[in-house]
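Please open the structure in your viewer and keep the selection panel at hand. The tour proceeds by stops, and each stop says what to select.

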Amino acid sequence: MVKRYIFHIDANSAFLSWEAVHRLQHNDPLDLRTVPAVVGGDPTRRHGIVLAKSIPAKEFKIITGETLYAARQKCPELLIVPPNYSLYRQCSDAMVEIFKEFSPLVQRFSVDECFLDFSGMESVANDPVKIAHELKNRVRNELGFTVNVGISTNKLLAKMAGELKKPDMVHTLFPEEIPTKMWPLPIGELFMVGRATSQKLLSRGIRTIGELANYDLGLIKQFLKSQGVLIWNYANGIDYSPVRPGGDFAVKGMGNSTTIPFDVEDRYNAHLVLLSLSESVSARLRQAKVLAGLIAVSFRTTEFYNFSHQRKLYNPTDCTDEIWKITCQLFDEIWNKQPLRHMGLRVSELCQNDFQQVALFTRDYNKQRQADRAVDLIRSKYGPSAICRSSFLYSGLRSISGGVIENEEFPLMTSLL
DNA sequence: TCTGGGGTCCTAGGACCC
DNA sequence: TCTGGGGTCCTAGGACCC
């Protein structure tokens, strides 16, 4: 019987490496990867966190997610470059094209990670490590950045293998290697064990993946419920999830959120931010040809308290004005005049828009739909800023908020394997 | 903490129904 | 109602991922 081999591949320090390669290609003599550098947002717009770091930056103990201020404290000469999401998308696509030459079964797990399934492929069965090196070297030689390849018999173990040592490495983590390679690792290194779960496990004296693996499953289940069963299985290398080629499963919802450069303290500006979010979310709905059946609004106060409020719709919609109106209602129902730093809009319970029900008892949105289509067309032709509502002029706000992803045929992230 | 933005899934509690 | 239990739906919040 031919063994089932799964590869997990992820780009090392993806955003930073891609930026570095891009600069080299444009005749910048400096390779960002060789100096302490990070990709990060603009602190004056309150977007100041580390999104990716170089290896020299890592040596200053700079971690992803911390503030640029804290990072600069650790390393005053730190180089900070802004993110460039359309570049990341291009690099990701180029990487996937190479993977597809190795296996038809490629699952995009995120912008910088893929799973490849080599089930029953003789060429790989004989020497998967050799194939992995070929793959890794092709990316490095043709695209200029390095990847890690993890090899095993399921996705969880392949992913854990890829994390072992970076960069530019190939690792195996077969079931028989679990006790030596995976069990000694700290519990927080296990996929799906984050900060909160780590703390709970530590309070029970579970410090390593091996200690979790050998803990009584019944007890774990008692205090961590289904999440406990999941991570106990992971700790024992158990995972039966299939490699799903990108695009064959539907997106469940979509949303945009934004940290506003200034505190929002009045209803008018709050509604304006919600309008900019409604513009982007509803345009994405129309592009995906789906209607939203549920609308949720959320916000974060300057004190960092989070609130959310949602409502199911009797008549699913993709109409900008209708979504904006409902979003504002939801917002008004829970907002207590706290100053806000962050606002979000998310829609879910999506359904196909090909037989949209005529809303008999609500106002007719046909004119709005036609206007939405016209605006979409203008923006697709002349760019997102070609047309905007006059209320945004001089407001200090963007007329469309949220990452505009041109071509969403794969979900950026699925938290479960 | 001078703390981003895009997702998914799970859980607890309340409403409602039989 | 001085009320039982179970099922389902809805909502808010929290956990995790990159």
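The radius of gyration is taken over C-alpha atoms, and the globule rule used for comparison is 2.2 Å times the number of residues to the power 0.38. This is a predicted model, in which local features need pLDDT of at least 70 and side-chain atom pairs count only at pLDDT 80 or more, while totals for chains, interfaces and linings use all residues. Residues are numbered from 1 along each chain as its sequence is written, chains are lettered from A and ligands numbered from 1 in the order in which they are written, and side-chain values use heavy atoms, with hydrogens and water left out.

**Stop 1: chain A**

Select chain A. For its 417 residues, a compact globule would have a radius of gyration near 22 Å, and the 24 Å of chain A therefore agrees with the rule. Along the principal axes, the C-alpha atoms fill a box of roughly 65 × 55 × 45 Å. Colour by secondary structure: chain A has 14 helices and 13 strands (DSSP runs numbered from the N terminus, with helices being H or I of at least four residues and strands E of at least two). Of the 417 residues, 46% are buried, that is, under 20% relative accessible area with a 1.4 Å probe, counting protein chains only.

**Stop 2: DNA strand B**

Which residues are closest to DNA strand B? Select Tyr69, Asn256, Ser257, Thr259 and Arg284, the closest of the 28 residues that surround this strand; a residue is near a strand if one of its heavy atoms lies within 4 Å of it. Of the atoms of DNA strand B within 4 Å of the protein, 64% belong to sugar and phosphate.

Next, examine polar contacts, meaning pairs of N or O atoms within 3.5 Å. An N or O atom in the side chain of Asn256 is 2.6 Å from a phosphate oxygen of DNA strand B. At Ser257, a polar backbone atom is 2.3 Å from a phosphate oxygen of the strand. Then select strand 9 (253-264), which gives the most to this surface, with seven residues.

**Stop 3: DNA strand C**

Move to DNA strand C, where Ser110, Asp112, Thr197, His309 and Gln310 come nearest among 20 residues. Here 95% of the strand's atoms within 4 Å of the protein belong to sugar or phosphate, and the rest to bases. A polar side-chain atom of Asp112 is 2.7 Å from a sugar or linking oxygen of DNA strand C. Finally, select strand 11 (306-317); six residues, the largest share of the surface near DNA strand C, come from strand 11.

Key: A polar contact is a pair of N or O atoms within 3.5 Å; within protein, one must be able to donate a hydrogen and the other to accept it, and residues adjacent in sequence count only if both atoms are side-chain atoms. Buried means under 20% relative accessible area, exposed over 50%, partly exposed in between (1.4 Å probe, protein chains only).
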